[in-house]
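Student: Can we go through a structure together? I'd like to learn how the words people use for it are backed up.

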Amino acid sequence: MSVYGIPQAKQETQEPAVTTATIRAAKGQRKIAMVTAYDYASALMVDAAGVDIVLVGDSFGMVMLGRPDTISVTLEEVIHHARAVVAGVRRALVVSDMPFMTYEGGPAQAMENAARLLRASGVRAVKIEGGNIVAPQVKALVEAGIPVMGHIGLTPQRAAVLGGFKVQGKTAAADRILEEDALTLQEAGCFSLLLEAMPPAVAEIVSASLRIPTIGIGAGASCDGQVLVLHDMLGLLEGHLPRFVKQYAHLAAEGREAVARYVREVREGTFPAAEHCYSMPEEEERILRGK
Ligand code: KIV
């Protein structure tokens, strides 16, 4: 440990690293657990908890930077967070979002920005939002050796044209578009597909029609895996949560109580106590004090 309690090296693990092949092979065998992380400490924590995939989601723009949406997140910011996550993860597969307008321009733009992201951060796979429309980008990236996770349904980077953060695929016609998108992305080479905010029946049909695993968020239990935003599941922020979030802890309340205790103890003079102080030989202290 350093003076700030930071581990000097990541914990070694005997378990083999998770790869995109591991994720593909999980389909029909076992469920995949994915969660977001945006910094070194949370990456150490979620990796040690045994998740398969750590997502450096552009949701950090909202839950860590307090912005109203993910639109303003830049490639530089993603690289900054992704480097910290890669530093903390030993076993899980780290996937990073490509932010808004870093791939929509076409395959050449996607290749240039994905290459920068991979080189600068150390992540080995990217996630991009969109259906048929991004298939050429997926194909180009995969052919260049960059694994891609697709993302359809509610795609937050397109919330403005979707009319907000709304559930998708609620009609049979909309469902068929999602099915087509899913198949196109699979054929373009995605190693997995994130399904966000759609009725469970839609996600079930899409999952059953694909060879690649689906990872759901607000898409029911039939997906091949699940993902949650870390701040939502740990209760790090208080306020409204979507109905698909299950809170496994209430860390904002616990943290507030802990800091309030610290404030009290500092004001009362009960912190720091003797055990939090460095000692010196009595003789030296006597000399120091001139006695
Ligand atoms: O950015 C993000 O956190 C996401 C969620 C859907 C998991 O893409």
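What follows is a chat about how the labels for this predicted model are earned.

Student: What is the overall make-up of the protein?

Tutor: It has 12 helices and 8 strands. Its C-alpha atoms fill a box of roughly 85 × 40 × 35 Å, taken along the principal axes. Of its 291 residues, 43% count as buried.

Student: Why is Cys223 called buried?

Tutor: Buried means under 20% relative accessible area. Cys223 has 0% relative accessibility, so it counts as buried.

Student: And why is Cys277 called partly exposed?

Tutor: That label sits between the two cut-offs, under 20% for buried and over 50% for exposed. Cys277 has 45% relative accessibility, so partly exposed is the label for it.

Student: How do you know that Cys223 is in no disulfide?

Tutor: A disulfide needs two cysteine sulfur atoms within 2.5 Å. For Cys223, the nearest cysteine sulfur is that of Cys190, and it is 15 Å away. By that rule, the count for disulfides comes to 0.

Student: Cys223 also touches Thr214, I hear. What makes Thr214 buried or exposed?

Tutor: Thr214 is at 0% relative accessibility, so it counts as buried. Its place is in strand β7, residues 214-217. Leaving out residues up to four places away in sequence, Thr214 touches Leu193, Leu195, Ser207, Cys223, Asp224 and Gly225.

Student: What makes the pair Thr214 and Ser207 a polar contact?

Tutor: The cut-off is 3.5 Å between N or O atoms, with one able to donate a hydrogen and the other to accept it. The side chains of Thr214 and Ser207 are joined at 2.7 Å.

Student: What makes a group of residues a nonpolar core?

Tutor: The members must be buried residues of certain kinds, such as Val and Leu, joined through side-chain atoms within 4.5 Å. The largest such core here has 56 residues, and Val54, Val85, Leu117, Val126, Val138, Leu193 and Leu195 have the most contacts inside it. Helix α4, residues 75-88, gives the largest share of this core, 5 residues. There's also a second, separate core of 16 residues, with Ile32, Leu55, Met149 and Phe191 among them.

Student: Why would such residues end up together?

Tutor: In soluble globular proteins, nonpolar side chains tend to be buried together.

Student: Which residues does Leu117 touch?

Tutor: Beyond residues up to four places away in sequence, Leu117 touches a list including Leu75, Val78, Ile79, Met98, Val123 and Val126.

Student: Which residues of helix α6 are buried, and what covers them?

Tutor: In α6, residues 135-143, the buried ones are Ala135, Gln137, Val138, Ala140 and Leu141. Their cover includes α5 (107-121), β4 (125-129), β5 (148-153) and α8 (172-188). Just after α6, Gly145 takes a positive phi of about 100°.

Student: How do you know that the ligand has polar partners in the side chains of Asp58 and Ser59?

Tutor: Check each distance against the 3.5 Å limit for a polar contact. A ligand oxygen is 3.1 Å from an N or O atom in the side chain of Asp58, and for Ser59 the value is 2.5 Å. A polar side-chain atom of Lys127 also lies 2.9 Å from a ligand oxygen.

Student: How much of the ligand does the protein cover?

Tutor: On its own the ligand has 250 Å² of accessible area, and the protein covers 96% of it. The residues around the ligand include Thr36, Leu55, Gly57, Asp97, His151 and Glu196.

How values were computed: Residues numbered from 1 in each chain as written. Predicted model: local features only at pLDDT ≥ 70, side-chain atom pairs only at ≥ 80, totals over all residues. Heavy atoms only, no water. Buried < 20%, exposed > 50% of the residue type's maximum accessible area, 1.4 Å probe, protein only. Helix = DSSP H or I, 4+ residues; strand = E, 2+ residues; numbered from the N terminus. Contact = heavy atoms within 4.5 Å. Near = heavy atom within 4 Å. Areas by Shrake-Rupley, 256 points an atom, 1.4 Å probe, with all protein chains shown as cover.
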